[in-house]
Amino acid sequence: GQMGDQGIMTTVEGTVVTITDTLKKLGSLHVHVGHVEKGDLKTGQTVKLNVDKERRRQLSANHSATHLLHAVLRQTLGDHVTQKGSLVAPGRLRFDFTHPRPVTGEELERIQDAVNQRILDNQTTFTRLMTPDQA
């Protein structure tokens, strides 16, 4: 799964909220999960959101890396490799897949080299805002 943005929410009245996760519910409702550090949060207040951009950048990089890894695993081990789950975190990623036998040390080295080469090729990544149907 992908983790939502984190950061700080503030108001002109001096309220400070630490945001620990951001979720999207019912399609377009953005839910901010957090802890009020200072002051009171009231309905109708205008808030300023300050996103932890470095964390977002790391998440984005690891999200891209899972797609690279999936492609390289299929190339190296065969088309039967399908993603069965993954974890994308700022400092690491986990990729679960099916394969009929253990991956050998030599295969692992080929997979690592191929993923690293793709990263070094440094394809430009971009974000496009679109509807779920367009995506």
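**Close-up views of a predicted model**

**View 1. The whole chain.** Two helices and six strands make up the protein. The model is predicted. Along the sequence, these elements follow the pattern β-β-β-β-α-β-β-α. The C-alpha trace spans about 60 × 30 × 30 Å along its principal axes. The radius of gyration is 20 Å, whereas a compact globule of 135 residues would have a value near 14 Å. Of the 135 residues in the protein, 22% are buried. The protein exposes about 9900 Å², and carbon and sulfur atoms supply 53% of that area. Take the contacts between residues at least 6 apart in sequence: 49% of them join residues at least 24 apart.

**View 2. The hairpin of β2 and β3.** Strand β2 covers residues 16-25, and strand β3 covers residues 29-38. The two strands pair in the antiparallel sense. Nine bridges join them. Across this pairing, D21 stands opposite V33 in β3. Three residues lie between the strands of the hairpin. In this hairpin, L26 takes a positive phi near 50°.

**View 3. The largest nonpolar core.** Eight residues form this core: L69, V72, L73, L77, V81, F95, I111 and V115. Two elements, α1 (53-77) and α2 (105-121), each give two or more residues to the core. Helix α1 supplies the largest share, with four residues. One of the core residues, L77, touches F97, H99, V103, E107 and I111, leaving aside residues up to four places away in sequence. Of these partners, I111 also belongs to the core.

**View 4. T66 on helix α1.** T66 lies in helix α1. Its relative accessibility is 5%, so T66 counts as buried, the cut-off being under 20%. Which residues does T66 touch, not counting residues up to four places away in sequence? The partners of T66 are V88, L93 and F95. F95 is also a member of the largest nonpolar core.

**View 5. Q83 and its surroundings.** Q83 is found in strand β5. Is Q83 buried or partly exposed? With a relative accessible area of 34%, Q83 is partly exposed, because this value falls between the 20% and 50% cut-offs. Not counting residues up to four places away in sequence, Q83 touches H70, F95 and D96. F95 thus appears among the contacts of Q83 and among those of T66. Q83 and T98 are 15 residues apart in sequence. In space, their C-alpha atoms are 7.4 Å apart.

**View 6. The Q83 and S86 side-chain contact.** S86 sits in strand β5, which covers residues 83-88. Q83 is in strand β5 too. What joins the side chains of S86 and Q83? A polar contact of 3.2 Å does. The partners have their own exposure classes. S86 has 17% relative accessibility, so S86 counts as buried, being under 20%. Q83, at 34%, is partly exposed. The polar contact of 3.2 Å therefore joins a buried residue, S86, to a partly exposed one, Q83.

Technical notes: Residues are numbered from 1 along each chain as its sequence is written. This is a predicted model: local features need pLDDT of at least 70, side-chain atom pairs count only at pLDDT 80 or more; totals for chains, interfaces and linings use all residues. Side-chain values use heavy atoms; hydrogens and water are left out. Buried means under 20% relative accessible area, exposed over 50%, partly exposed in between (1.4 Å probe, protein chains only). A polar contact is a pair of N or O atoms within 3.5 Å; within protein, one must be able to donate a hydrogen and the other to accept it, and residues adjacent in sequence count only if both atoms are side-chain atoms. A nonpolar core is a set of buried Ala, Val, Leu, Ile, Met, Phe, Trp, Tyr and Cys residues joined through side-chain atoms within 4.5 Å. Contact means heavy atoms within 4.5 Å. The radius of gyration is taken over C-alpha atoms; the globule rule is 2.2 Å times the number of residues to the power 0.38. Accessible areas come from the Shrake-Rupley method with a 1.4 Å probe; for residues, only the protein chains shown count as cover. Two strands pair if DSSP finds at least two bridges between them.
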